Amino acid sequence: MRIRPLFPVLACLSVFLSAAPQDDPRVEIVNLRRYTYSNFTRIVLDMGKLREYTSGQLQDPGRIYVDVLQAKLNPVLQSQSYPVKVEYIGQIRISQKTTSTVRLAVEVDFSRIQSYRVYHLFDPFRLVIDITPRDTKAPPSPTPPDKAFPLTDKTQPPVKREVAPQDPSLAGTSLARQLGLGVRTIVIDPGHGGPRPGTIGKSGLQEKTVNLDVALALQKLLKEKAGIDAILTRESDVDVPLENRTVIANQKRADLFVSIHSNAHRDRKRGGVETFFLNISPDLSVIELAAAENATSTKNIGEMKTILQKIVRNSKIQESRDLAERIQKNLVKALSSDLPSIKNLGVKGGPFWVLIGGEMPSVLVEISHLSNAKEEAKLKTRKYRDLAAQGIYDGIMEYIRSLGKG
Ligand SMILES: [Zn+2]
């Protein structure tokens, strides 16, 4: 019997951080930890540096495996045994599979487990396997949804959902749609924060401030008007690494991810609204914007291309594009009631780092241009910010309603 992972892991994050060639590019895996809770078991592989990995299942005996690429095993780990005192897990083995690949294999009794999940956490980078046995009661929601939560191994187990039926015709659609659950949880990501202000307008208005304010207003609308769990990646003026933002969304089992930004363009006359989903783009102005939002160089965007090609194949592109289109349309409509000249710059694919790794439809909204004096003046006002939140809210609700129609 094959059990699908609850969320097939993207497993495509790769390294372009270590651009400088070194003698041995392999990261050394130095520690394996495991924790048994009343309703699940967590296995953690510490490696410290971002590495690409793949995971899957093997039979006879049943195993869940994770292959870590560009990695070497500290010999001390090779000969160790890792007992776990639960009936649904057998032996855990870790070995140097090839000169550059380390394999972790966890023997499991697939008839006794309900689901498992392979994912990663940052600071320091580590892989996590959560295995949930059958016949345990779903734990209550671990933290109040509006509280920021620490990205540590001590976070509570994810709320369980039934394993999706294996209907091939459903491939590529979101879990929410597969399960007919609609949308329960949305992660809103106010771009930048802390020492990273993002774009700064001529009058000194900082993007991070606008983004957070609109995100808070959107959170309020989603909670109060629609009863949706709306979680912010940051609730104050702090910096959250880009990669962690979708990790938060994945951990919270979010159904949608919406990153909020304010635009900048070399041409200060340029203005308008645009919404992005993750994709490769040949458009130079999109590449420039992505470089700014990614806090990286346009050269690095080029290097992201290969990684992106892999990731894009696994992402919820169609769903993300659909969500982006509905948000874009409603946002332009809402803002034009206060700024009739606002331009609709459309929906585009773009290589935005913050959208990589999300297992749910994910979009990045540039609500208006801070680099444009007229729009900056509007972005200063409560009214315009509330309209921006309202427009995004209307787009999200339109998207949710469309799910019901399948
Ligand atoms: Zn931004």
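Two strands are taken to pair if DSSP finds at least two bridges between them. In the predicted model described here, four strands meet this condition in an open sheet with the order E2-E3-E10-E9, and their pairing is antiparallel. Strand E2 (31-36) and strand E9 (113-121) stand at the edges; each has a single partner strand, so one side of each is left without a neighbour in the sheet. On average, neighbouring strands of this sheet are turned by 15° against each other, direction ignored. The contact between E2 and strand E3 (residues 41-48) is made over six bridges in the antiparallel sense. Within this pair, Asn31 has Asp46 in E3 as its bridge partner.

A further open sheet of four strands, also with antiparallel pairing, has the order E4-E5-E8-E7. Its edges are formed by strand E4 (53-58) and strand E7 (89-98), each of which pairs on one side only. Here, too, neighbouring strands are turned by 15° against each other on average, direction ignored. Starting from the E4 edge, six bridges join E4 to strand E5 (residues 63-69), and the two strands run antiparallel. Thr54 has Asp67 in E5 as its bridge partner. E5 is in turn paired with E8 in the antiparallel sense over seven bridges, and Tyr65 stands opposite Ala105 in E8. On the other side of the order, E7 and E8 are likewise antiparallel, with seven bridges between them. Ile92 and Val106 in E8 are bridge partners. E7 and E8 form a hairpin, with two residues between the strands. Strand E8 (residues 101-108) is largely enclosed by the rest of the structure, because seven of its eight residues are buried.

Beyond these sheets, the model contains a metal site. The zinc ion is coordinated by His192 through NE2, Glu207 through OE, His261 through ND1 and Glu293 through two OE entries, at 2.0 to 2.5 Å. Along the sequence, the donor residues follow the spacing H-x14-E-x53-H-x31-E. Distant parts of the chain are linked by the pair His192 and Glu293, which lie 101 residues apart: His192 is in the loop between strand E11 (185-190) and helix H3 (207-226), whereas Glu293 is in helix H5 (residues 284-294). Buried residues are those under 20% relative accessible area. His192 therefore counts as buried, at 11% relative accessibility. Glu293 is buried as well, because its relative accessible area is 7%.

Helix H3 was examined further. Its 20 residues should span 28 Å at 1.5 Å a residue, and the end C-alpha atoms of H3 are 27 Å apart, which agrees with that expectation. Just after H3, Gly227 takes a positive phi of about 65°. Gln219 has its place in helix H3. With a relative accessibility of 8%, Gln219 counts as buried. A polar atom of the Gln219 side chain lies 3.0 Å from the backbone oxygen of Ala230.

H3 also takes part in the largest nonpolar core. This core has 43 residues, of which Ile188, Leu218, Leu222, Ile260, Ile367, Ile392 and Ile396 touch the most other members. At least two residues of the core are supplied by each of E11, H3, strand E12 (229-232), strand E13 (256-263), helix H7 (317-336), strand E16 (362-369) and helix H9 (382-405). H9 provides the largest share, eleven residues.

A final point concerns Glu375, whose place is in helix H8 (residues 373-379). Glu375 is buried, because its relative accessible area is 5%. In sequence, Glu375 and Gly201 are 174 residues apart, while their C-alpha atoms are 9.7 Å apart in space.

Notes: Residues are numbered from 1 along each chain as its sequence is written. This is a predicted model: local features need pLDDT of at least 70, side-chain atom pairs count only at pLDDT 80 or more; totals for chains, interfaces and linings use all residues. Side-chain values use heavy atoms; hydrogens and water are left out. Donors are N, O and S atoms within 2.8 Å of the metal (3.2 Å for Na, K and Ca); water is not among the atoms, so sites may look incomplete. Buried means under 20% relative accessible area, exposed over 50%, partly exposed in between (1.4 Å probe, protein chains only). The expected span of a helix is 1.5 Å times one less than its number of residues. Axes are lines fitted to C-alpha atoms, for helices over the stretch in contact, and angles run from 0 to 180 degrees between N-to-C directions. A polar contact is a pair of N or O atoms within 3.5 Å; within protein, one must be able to donate a hydrogen and the other to accept it, and residues adjacent in sequence count only if both atoms are side-chain atoms. A nonpolar core is a set of buried Ala, Val, Leu, Ile, Met, Phe, Trp, Tyr and Cys residues joined through side-chain atoms within 4.5 Å.
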